[in-house]
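These are notes for a colleague opening this model for the first time. They take the aromatic rings, then the nonpolar cores, then the pocket.

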Amino acid sequence: MVGNASRAAIISGRRITGLSVGVIAELVAELGPLWHARHQARLASRERRRAVGAGARHRLVFVDRFLATLVHLRHGVTHDVLACWFGVDRSTITRAVGEVRPLLAERDCTVSPCVWLRTLAEVVDHLGSGGRTGIVDGTEIRVRRPAAGRKDRDKFISGKSKQNAVKTMVLTDGDGRVLFCSPTKPGSCADITHARQLGLVKLLADGPAVEILADGGYQGLGARTSGRVVTPPHRKFKKNAPDWYEEMYERQRKAHSSRRIRVEHGIAHLKNWRALTRHLGRPST
């Protein structure tokens with residue numbers, strides 16, 4: 001079990017966990033009771049020879065479990081190293097990470113103390129209610145090659161990176177603040193197909209008037225959403241374009257890119273976490 005001095009050093013070092021002391025305190029206060037309730041329910045769900053709580057006490061309290069998970073997600077530290085650091089067995093770290101990660105995944109996006117966004121529909125409503133601009137883009141996370149014999153093995157090969165990957169759709173506001181990160185799809189799934197499967201087209205067509213900036217991978221969604229998805233301009237001349245058209249096209253393209261670049265900043269911020277750069281487990285999608 002890690003000592004108080006080591007725990008304080010981990011919490012106070014933002015480069016270690018990626019989060020401030022205040023955010024860590026809020027997450028521990030919010031997720032701690034949920035973890036304890038699930039742990040007790042799991043113990044009571046099976047037949048026991050002894051009463052719940054009669055066995056040995058945890059050597060790794062929830063705060064330490066939470067910190068070990070943050071360090072693992074932030075830096076990709078192996079469970080063996082964390083086990084040595086926290087003074088427990090490797091299986092204890094593996095169990096802790098497996099219990100805490102779902103709690104973090106189920107947590108919503110807190111825009112302000114009174115606004116929590118859980119679904120894509122809530123994000124679209126939030127953008128529409130404030131007249132804000134959204135920016136959407138897809139990003140890939142490298143994964144291990146699926147097991148031999150798996151029928152959909154080839155679906156994970158990305159046509160863009162030529163590697164095994166899973167893809168997710170990220171939606172930010174105009175300042176690059178991440179509002180939504182979708183469940184993953186195999187790397188061969190096109191960006192526009194992923195957006196349609198998530199229901200973004202229907203939400204924009206039937207919902208509030210929201211401007212969504214997107215790159216060329218979403219060409220065609222503007223016509224299906226009454227122009228609410230704004231993509232780069234089409235190039236009308238493939239060869240021998242007039243000089244005035246080249247100048248106008250380049251100016252429009254750069255103007256669109258300068259507004260859309262904020263989503264790249266949001267994705268880069270997410271990928272400061274090693275777990276979102278490359279996932280070493282088997283792809284589950």
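1. The count of aromatic pairs comes to 5. One of them joins Trp85 and Phe86, whose ring centres lie 5.9 Å apart with 50° between the planes, a tilted arrangement. Please keep in mind that the model is predicted.

2. Are the two partners of that pair buried or exposed? Trp85 is partly exposed, at a relative accessible area of 37%. Phe86 is buried, with a relative accessible area of 1%.

3. Another pair, Tyr245 with Tyr249, is stacked: the centres are 6.2 Å apart and the planes differ by 20°. The pair counts as stacked because its planes are under 30 degrees apart. Both residues belong to helix H11 (residues 243-270), where a spacing of 4 residues separates them by about one helical turn. Tyr245 counts as buried at 4% relative accessibility, and Tyr249 counts as buried at 14%.

4. Trp35, Phe62 and Phe66 make up one aromatic cluster. With neighbours within four places in sequence set aside, Phe62 is in contact with Val28, Leu31, Gly32, Trp35 and Val100. Trp35 is thus named both in the cluster and among the contacts of Phe62.

5. A charge also meets a ring in this model. The charged end of Arg74 sits over the ring of Trp273, at 5.1 Å from the ring centre.

6. Which residues touch the most other members of the largest nonpolar core? They are Ile24, Phe62, Phe66, Phe86 and Ile93, out of 26 residues in that core. At least two residues of the core come from each of helix H3 (21-44), helix H4 (62-75), helix H5 (79-86) and helix H6 (90-106). H4 gives the largest share, 7 residues. Apart from this core lies another, of 23 residues, including Val111, Leu120, Tyr218 and Leu221.

7. The last point is the open space. The largest pocket holds about 2000 Å³. Its lining consists of 49 residues, and Leu104, Ala105, Cys181, Leu270 and Leu276 lie nearest the pocket centre. Two or more lining residues come from each of H3, H4, H6 and H11, and likewise from strand S1 (109-112), strand S3 (133-143), strand S4 (165-173) and strand S5 (178-181). H3, H4 and H6 therefore appear in two lists: they supply the largest core and they line the largest pocket. H11, which carries the stacked tyrosines, is also among the elements of the lining.

Methods. Residues are numbered from 1 along each chain as its sequence is written. This is a predicted model: local features need pLDDT of at least 70, side-chain atom pairs count only at pLDDT 80 or more; totals for chains, interfaces and linings use all residues. Side-chain values use heavy atoms; hydrogens and water are left out. Rings of Phe, Tyr and Trp (its six-membered ring) pair if their centres lie within 6.5 Å; planes under 30 degrees apart count as stacked, over 60 as edge-to-face and the rest as tilted. Buried means under 20% relative accessible area, exposed over 50%, partly exposed in between (1.4 Å probe, protein chains only). A charge sits over a ring if NZ of Lys or CZ of Arg is within 6 Å of the ring centre and within 35 degrees of the ring normal. A nonpolar core is a set of buried Ala, Val, Leu, Ile, Met, Phe, Trp, Tyr and Cys residues joined through side-chain atoms within 4.5 Å. Contact means heavy atoms within 4.5 Å. On a 1 Å grid over the protein atoms alone, a cavity is a set of points where a 1.4 Å probe fits but cannot get out, and a pocket is an open set with protein on both sides within 12 Å along at least five of seven lines; lining residues have an atom within 4 Å of a point. Grid points are joined across faces, edges and corners, and a volume is the space filled by probe spheres set on the points.
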